[in-house]
Amino acid sequence: MKIIVGCNYHTTWQKHKSMRFVLVEIKGEKARLQTRNTNKDFWTNIKDLIFIETKYNKQKAIKLT
């Protein structure tokens, strides 16, 4: 699936698999993610993103494209 700003993602390196992040920005090969509860943000590589395959997230992706 295409990388879509505004959708929820996991990362390949995260410790807690239940954590989910919102993609807020892409610059080159880097992606800026934000935590859903505390709104803390950080940068990671786009290749580390894993789209969360839920019905809600899929509908959000369709709506945003």
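# Reading strands, core and salt bridges

Me: How many bridges pair β2 with β3, and do they run parallel or antiparallel?

Reply: β2 and β3 pair in the antiparallel sense, over six bridges. Keep in mind as we go that this is a predicted model. To read a pairing, pick a residue and look across to its partner: Leu-23, for instance, has Leu-33 of β3 as its bridge partner.

Me: Which residue in the hairpin of β2 and β3 takes a positive phi?

Reply: That's Gly-28, with a positive phi near 60°. This hairpin has two residues between the strands.

Me: And how is β3 joined to β4?

Reply: Those two strands run antiparallel as well, with five bridges joining β3 to β4, which covers residues 41-45. Try following two of the partners into β4: Ala-31 is matched with Thr-44, and Gln-34 with Asp-41. The hairpin here has five residues between the strands, and Asn-39 takes a positive phi near 60°.

Me: Which residues of β3 lie on its covered face, and which on the uncovered one?

Reply: Go along the strand and sort the residues by face. Ala-31, Leu-33 and Thr-35 form the covered face of β3, while Lys-30, Arg-32 and Gln-34 form the uncovered one. Two residues from the covered face, Ala-31 and Leu-33, come back in the next feature, the largest nonpolar core.

Me: What makes up the largest nonpolar core?

Reply: A core is read as a set of buried nonpolar residues joined through side-chain atoms within 4.5 Å. Here the largest one has 11 residues, including Ile-4, Cys-7, Tyr-9, Phe-21, Leu-23 and Phe-51. The elements giving two or more residues to it are β2 (21-27), β3 (30-35) and β5 (49-51). For a view from inside, take Cys-7: leaving aside neighbours within four places in sequence, its contacts include Phe-21, Leu-23, Phe-51 and Ala-61, along with Asn-57.

Me: Is Asn-57 buried or exposed?

Reply: Asn-57 counts as buried because its relative accessibility is 0%, and the cut-off for buried is under 20%. You'll find Asn-57 in helix α1, residues 55-64. The side chain of Asn-57 reaches the backbone oxygen of Ile-52 at 3.0 Å. Not counting residues up to four places away in sequence, Asn-57 touches Cys-7, Asn-8, Phe-51 and Ile-52.

Me: Now for charges. How many salt bridges does the structure hold?

Reply: There are four. To spot one, look for a side-chain nitrogen of Lys or Arg within 4 Å of a carboxyl oxygen of Asp or Glu. Glu-25 is a good place to start: the side chain of Glu-25 meets Lys-27 at 3.6 Å, N to O, and also Arg-32 at 2.9 Å, N to O.

Me: Which residues are linked with Glu-25 in a network of salt bridges?

Reply: Lys-27, Arg-32 and Asp-41 are linked with Glu-25 in that network. Arg-32, remember, is on the uncovered face of β3. Lys-27 counts as exposed, since its relative accessibility is 53%.

Me: Where does Lys-58 find a salt-bridge partner?

Reply: Lys-58 meets Glu-53, with their side chains at 3.5 Å, N to O. Check the accessibility of each partner: Glu-53 is exposed at 53%, whereas Lys-58 is partly exposed, with a relative accessible area of 37%.

Key. Residues are numbered from 1 along each chain as its sequence is written. This is a predicted model: local features need pLDDT of at least 70, side-chain atom pairs count only at pLDDT 80 or more; totals for chains, interfaces and linings use all residues. Side-chain values use heavy atoms; hydrogens and water are left out. Buried means under 20% relative accessible area, exposed over 50%, partly exposed in between (1.4 Å probe, protein chains only). Helices (H or I, at least four residues) and strands (E, at least two) are DSSP runs, numbered from the N terminus. Contact means heavy atoms within 4.5 Å. A polar contact is a pair of N or O atoms within 3.5 Å; within protein, one must be able to donate a hydrogen and the other to accept it, and residues adjacent in sequence count only if both atoms are side-chain atoms. Two strands pair if DSSP finds at least two bridges between them.
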